[in-house]
There are 2 protein chains.
Amino acid sequence: MSFDKPWELLRSAIELRDREALESVLHDIGPMETARGISRLEPLAQTELFSILGYQNAADLLTEIPELQAAELIEELSAAQAAAIVDEMPADKQADLLAELAEEDAEAILTEMPSADADEVRRLLEYPPDSAGGMMLPEFVAFSATRSVADVLDDLRGRGDEYSDYEVQYAYVIDAGGHLLGVLRVRDLIFARRDAAVTEIMLADPISVEVRLPLADLRDVFEQHSYLGVPVTEDGVLVGVVHRDQLDDAIDRESGRTLLRMTGIAGGEELRSMPLRTRAGRRLSWLSINVVLNLLAASVIAMYQDILAEVIVLAVFLPIISDMSGCSGNQAVAVSMRELTLGIVKPRDLLHVLRKEVSVGLVNGAALGLLIASAAFIWQQNPVLGLIVGGALAINTLIAVALGGILPLALRLVGYDPALASGPILTTVTDMCGFFVLLNIASSLRAYLV
Amino acid sequence: MSFDKPWELLRSAIELRDREALESVLHDIGPMETARGISRLEPLAQTELFSILGYQNAADLLTEIPELQAAELIEELSAAQAAAIVDEMPADKQADLLAELAEEDAEAILTEMPSADADEVRRLLEYPPDSAGGMMLPEFVAFSATRSVADVLDDLRGRGDEYSDYEVQYAYVIDAGGHLLGVLRVRDLIFARRDAAVTEIMLADPISVEVRLPLADLRDVFEQHSYLGVPVTEDGVLVGVVHRDQLDDAIDRESGRTLLRMTGIAGGEELRSMPLRTRAGRRLSWLSINVVLNLLAASVIAMYQDILAEVIVLAVFLPIISDMSGCSGNQAVAVSMRELTLGIVKPRDLLHVLRKEVSVGLVNGAALGLLIASAAFIWQQNPVLGLIVGGALAINTLIAVALGGILPLALRLVGYDPALASGPILTTVTDMCGFFVLLNIASSLRAYLV
């Protein structure tokens with residue numbers, strides 16, 4: 001479904017302050033178009049939208065649209081208004097949302113919330129957002145080990161309404177101290193004798209994860225097992241459940257951030273509805289580092305002004321060598337990032353990757369070198385120029401491809417973010433090498449060029 | 001879990017031809033390390049691994065490792081051996097795997113399979129891999145509308161073993177012609193009266209999708225509803241179920257491909273265990289187009305050789321302008337790609353994005369221009385040189401950011417792949433503009449420079 005201008009539908013319902021019309025517009029256009037529509041409303045209209053909707057509906061809306069956008073909208077509201085809305089959201093979403101806010105804004109909202117709810121959110125906020133604790137749902141259905149299948153079925157039947165919120169697929173069996181003993185698959189209850197003890201049909205020694213487990217490891221757990229949810233424990237005590245949904249959300253967030261970080265948007269995600277200052281500033285902080293790196297690389301050219309002045313056509317080939325090496329190197333970076341994500345290489349497989357990339361670098365270097373050599377020869381009718389330009393591109397392609405392949409692994413090995421740092425390091429090094437090789441060979445062979 | 005050299009564990013078990021040892025190694029190291037280990041084995045050892053494991057175990061192994069790698073391994077085997085292994089896999093995985101192979105290889109394997117199984121796979125292969133039909137599991141549990149809750153429970157209890165493979169969360173209610181009438185949540189059966197008709201507790205008018213629905217739309221459906229699976233129909237007849245798992249796999253595949261395509265690896269994914277010819281060739285096909293685009297851009301420099309010869313320092317700034325504009329433009333491309341994925345912008349929101357990017361381009365262009373102008377002035381003590389270089393970068397940043405923002409939308413609008421085409425178009429245009437602006441202004445102000 002797609003609407004031409006969802007914000008106009010929203011805007012007219014807001015202007016009429018007609019709650020029913022607004023609800024029906026939101027329902028008709030669905031969460032994706034709602035997200036798109038809201039991002040085009042003026043801040044004042046956004047705030048009014050929430051006041052017309054009421055807390056529960058506003059909470060539902062915030063749960064459905066991208067978190068980042070929800071955080072942006074919440075920041076426009078007063079702390080009291082925001083608290084009333086946030087309080088109606090599921091606990092894990094509350095924490096995810098508040099984690100996107102500035103710390104003082106989040107605290108202001110928490111102080112306005114009922115203190116028991118606020119404490120639970122504060123507890124969740126203590127875990128890093130991409131750890132099992134940060135992702136988990138702190139609500140679950142647990143039964144004592146002494147209960148029977150009939151007890152559990154009766155309890156579930158009796159509290160159907162209350163549990164319907166939980167999307168119950170698993171229930172957990174715990175001891176008196178809250179320690180996790182086993183997992184009950186709700187569907188297994190159907191197949192079991194009513195008088196069996198829960199301990200008979202539970203899966204004993206269940207897979208569980210510690211609250212601090214990071215995203216990448218949790219992903220491994222879900223890949224190795226086809227469970228829909230995994231219990232989370234803190235010192236053996238069951239504290240929550242991570243569902244595949246939450247993992248997927250986290251991976252989605254992660255891969256979106258990777259894409260942006262690879263182009264140097266580092267300080268958090270960017271949406272075009274954010275203030276210009278934030279958007280320009282975040283991009284600029286990395287660009288200004290890049291200017292310095294570029295000046296560094298260009299300083300190699302400055303050292304060879306004499307040969308450039310004598311053989312001015314070399315200036316035509318400098319940007320080509322820089323751009324082509326960057327492209328070849330970035331391909332190798334992308335393949336390494338991909339293989340890291342798939343788990344097919346580990347950071348310490350550096351030498352293996354290097355060997356593999358050197359062969360590609362040799363083949364592609366030779367091919368590209370030949371191509372550019374022919375172009376240079378055809379244009380200037382000077383075979384030595386062709387040889388120099390082609391040779392420089394060939395050598396530099398080899399360097400770029402080899403470096404591009406191992407950079408993400410090496411950066412991961414020393415604890416840096418490969419998505420953010422691979423690009424600038426790669427292009428600076430390959431620019432410097434490329435300029436140096438081309439101009440240095442040209443200097444030593446200047447007799448054949450002038 | 002992570003092992004230092006999983007391939008050595010595998011290799012020694014293969015050398016001993018010890019099936020039990022091999023199985024226990026595979027179990028201990030888990031699927032991720034298995035994938036990593038296998039990618040480092042020699043082709044002969046890979047083939048032997050399968051013959052030692054036996055068909056069922058080999059099929060399980062292929063289901064667990066990345067599809068792309070599984071396809072590579074299958075291509076090493078004889079068609080008969082491959083068919084025996086593939087036949088043991090779940091039907092949807094069979095189709096996914098065979099879709100990765102060359103058409104004649106897939107057909108050779110299918111002819112060796114039992115014809116009923118082969119026909120089912122052929123039917124699935126007819127749907128595009130990223131459509132609901134291509135992703136769906138063609139097996140499901142369905143009951144006629146005339147049955148009662150007690151019937152269904154008895155049937156499920158009686159055939160527990162058979163259904164245990166299905167991860168049954170939903171069962172479907174169909175009419176005599178196989179048309180979908182409603183969805184039964186298995187967990188609702190627990191809460192229902194045994195004598196109720198299934199039509200009383202089923203969710204009538206269920207959400208269902210047509211076999212041809214593409215990935216992006218299917219994603220919308222799963223985002224709008226929190227279902228674990230959605231029934232797939234062809235002309236109203238239930239033909240399969242898509243689970244969130246399958247959708248996630250498809251999205252994962254898609255985002256991996258996007259990353260690679262953005263660096264010009266277009267002809268399919270790349271793994272380092274693939275033959276050198278494939279790897280070098282796929283990368284090269286795009287790089288050689290890029291050489292031509294680069295020569296095109298550099299031809300602008302060639303037209304201005306006179307001014308370059310007179311003011312040789314300009315040659316130092318050409319690669320800087322090219323690289324910085326590329327970076328600024330690529331940030332805008334990344335934000336647009338991200339917003340397209342999140343659904344916050346649609347291709348036709350072009351003007352909105354353009355407005356938003358022009359403001360960032362103005363701010364960042366001014367900032368970067370000032371930076372580079374200062375550097376040029378400090379280095380050469382010539383204020384006019386600073387002005388020219390800074391002005392050119394400022395203008396070109398504005399062009400690059402505006403173009404980068406709208407390119408992905410414009411390409412999507414005319415049906416091209418923005419991930420593949422945005423980069424080369426962006427850098428070629430911004431290089432040409434950048435070189436032209438810098439050298440043209442310099443020519444007209446040459447009196448102040450020489």
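In which sense, left-handed or right-handed, is the crossing of H2(A) and H3(A)? To find out in this predicted model, begin in chain A by selecting helix H2 (residues 19-38) together with helix H3 (residues 43-53), whose axes come within 12 Å and cross at roughly 135 degrees. The crossing of H2(A) and H3(A) turns out to be left-handed, and the angle, which does not go over 145 degrees, is therefore one that leaves the two helices oblique to each other. Show side chains for Arg19(A), Leu22(A) and Ile38(A) on H2(A), and for Gln46(A), Ile52(A) and Leu53(A) on H3(A), since these residues make the contact. Coloured by class, the contact of H2(A) with H3(A) shows 4 nonpolar residues, 1 polar and 1 charged.

Next, colour chain A by domain. The domain assignment gives domain 1 as 6-127, domain 2 as 142-251 and domain 3 as 276-448. If you place a marker at the C-alpha centre of domain 1 of chain A and another at that of domain 3 of chain A, the two markers will lie 47 Å apart.

Now move to the sheet in chain A built from 3 strands, which is open, runs in the order E5-E6-E7 and has mixed pairing. Select strand E5 (209-210) and strand E7 (237-243) of chain A, which stand at the edges with a single partner strand each, so that one side of each is left without a neighbour in the sheet. Then add strand E6 (residues 229-234) of chain A, which pairs with E7(A) in the antiparallel sense over 6 bridges. Along this pair, Gly229(A) stands opposite His243(A) in E7(A), while Glu234(A) faces Val237(A) of E7(A). E6(A) and E7(A) form a hairpin with 2 residues between them, and in the turn Asp235(A) has a positive phi of about 55 degrees. On the other pairing of the sheet, E5(A) and E6(A) run in the parallel sense over 2 bridges, with Glu210(A) opposite Thr233(A) in E6(A).

Finally, display both chains and select the residues where they touch: the contact takes 91 residues from chain A and 92 residues from chain B. On the side of chain B that touches chain A, the largest share, 19 residues, is supplied by helix H19 (residues 314-342) of chain B. By class, that side of chain B has 49 nonpolar, 24 polar and 19 charged residues.

For a closer view between the chains, select helix H19 (residues 314-342) of chain A and helix H17 (residues 276-303) of chain B, whose axes come within 9 Å and cross at roughly 155 degrees. At that angle, H19(A) and H17(B) are therefore roughly antiparallel to each other, and H19(A) passes H17(B) in a right-handed crossing. Among the residues of H19(A) that make this contact are Phe317(A), Pro319(A), Ile320(A), Met324(A) and Gln331(A), and on H17(B) they include Arg283(B), Leu287(B), Asn290(B), Asn294(B) and Ile301(B). Colouring the residues of the contact of H19(A) with H17(B) by class divides them into 13 nonpolar, 4 polar and 2 charged.

Key
Residues are numbered from 1 along each chain as its sequence is written. Chains are lettered from A and ligands numbered from 1 in the order in which they are written. This is a predicted model: local features need pLDDT of at least 70, side-chain atom pairs count only at pLDDT 80 or more; totals for chains, interfaces and linings use all residues. Axes are lines fitted to C-alpha atoms, for helices over the stretch in contact, and angles run from 0 to 180 degrees between N-to-C directions. Helices (H or I, at least four residues) and strands (E, at least two) are DSSP runs, numbered from the N terminus. Angles under 35 degrees count as roughly parallel, over 145 as roughly antiparallel, 65 to 115 as roughly perpendicular and the rest as oblique. A crossing is left-handed if the near helix is turned anticlockwise from the far one by less than a right angle, and right-handed if clockwise. Two residues are in contact if their C-beta atoms, placed from the backbone, lie within 7 Å. Ala, Val, Leu, Ile, Met, Phe, Trp, Tyr, Cys and Pro count as nonpolar, Asp, Glu, Lys and Arg as charged, and the others, Gly among them, as polar. Domain bounds come from an automatic or database domain assignment. Two strands pair if DSSP finds at least two bridges between them.
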